[in-house]
Amino acid sequence: METSLHQQLKRCYAPDEASTEVVLGEYRIDAIRNDELIEIQCASLSAIRDKSQKLLARHKLRVVKPVVWRTRIAKAKQAGGAITSKRMSPKRGDILEVFEDLIYFTRVFPHPNLVLEVPMVQVIETRIPCKRRRGRRRHDYKVHDVGLESIESTHEFRTVDDLLTLVNVPEGTTAFNTSDLANWIDRPRWVAQKIAYTLKHMSAIDMVARRRSGIIYERKAA
């Protein structure tokens with residue numbers, strides 16, 4: 001089911017209501033602005049991988065992949081009912097989360113007709129009670145809807161060089177492993193391994209050696 005977040009982002013990017021949900025050949029496009037097709041993808045990018053490849057053969061395409069920066073949790077007793085409580089989740093999103101989805105988009109990005117836009121959004125997540133089942137906690141909720149509260153910032157990516165700016169490779173570095181990368185981005189090594197996998201399959205870096213400390217990568221020559 002389409003969330004409020006998806007609907008609200010469509011209205012943010014479309015010039016008017018008539019420019020949303022446009023049928024183009026076998027596809028329905030979220031929005032069209034000037035000569036650019038816009039796809040809002042709140043779920044995994046893998047779901048629009050094949051669609052994007054086909055559209056890019058003839059059209060300019062902007063894929064909007066929001067990353068949740070902050071979440072306000074709201075509770076109601078039933079769907080459509082009054083909100084009974086609100087609190088801010090302590091969790092904070094990070095732009096590096098975009099690599100989680102780009103793992104499944106390496107056959108699409110980069111492309112000369114493609115812009116990947118990542119808005120950092122604050123959302124309100126509305127929860128309602130689930131039907132109680134044996135063994136569940138007394139107060140058990142499910143997410144009923146997610147809505148947009150604000151857009152904190154936006155990031156545009158057109159090339160692999162744009163993505164490389166996110167990983168803070170020190171100037172003059174010629175070779176590195178995922179342990180080095182984890183230190184540069186201040187994240188666990190498993191996160192760095194996903195990023196390295198993504199960059200390798202986008203031809204941004206090359207695997208040049210395998211040592212006891214791990215695989216050694218180099219930034220690919222232009």
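Trainee: Glu39 is buried, and so is Lys51; what does buried mean here?

Mentor: Buried means under 20% relative accessible area, exposed means over 50%, and partly exposed lies in between, with a 1.4 Å probe and protein chains only. This is a predicted model, in which local features need pLDDT of at least 70 and side-chain atom pairs count only at pLDDT 80 or more, while totals for chains, interfaces and linings use all residues. Residues are numbered from 1 along each chain as its sequence is written, and side-chain values use heavy atoms, with hydrogens and water left out.

Trainee: What makes the contact of Glu39 with Lys51 a salt bridge?

Mentor: A salt bridge needs a side-chain nitrogen of Lys or Arg within 4 Å of a carboxyl oxygen of Asp or Glu, and the closest N and O atoms of Glu39 and Lys51 are 3.0 Å apart. Because Glu39 lies in strand β3 (residues 36-40) and Lys51 in helix α2 (residues 49-56), the pair ties together parts that are 12 residues apart in sequence; helices (H or I, at least four residues) and strands (E, at least two) are DSSP runs, numbered from the N terminus.

Trainee: Why does Lys10 count as buried, and why does Glu21 count as partly exposed?

Mentor: Lys10 has 7% relative accessibility, so it counts as buried, whereas Glu21, at 30%, counts as partly exposed. The side chains of Lys10 and Glu21 meet in a salt bridge at 2.6 Å, N to O.

Trainee: Which residue besides Lys10 meets Glu21 in a salt bridge?

Mentor: Arg28 does, at 3.8 Å, N to O, and Arg28 counts as partly exposed because its relative accessibility is 46%.
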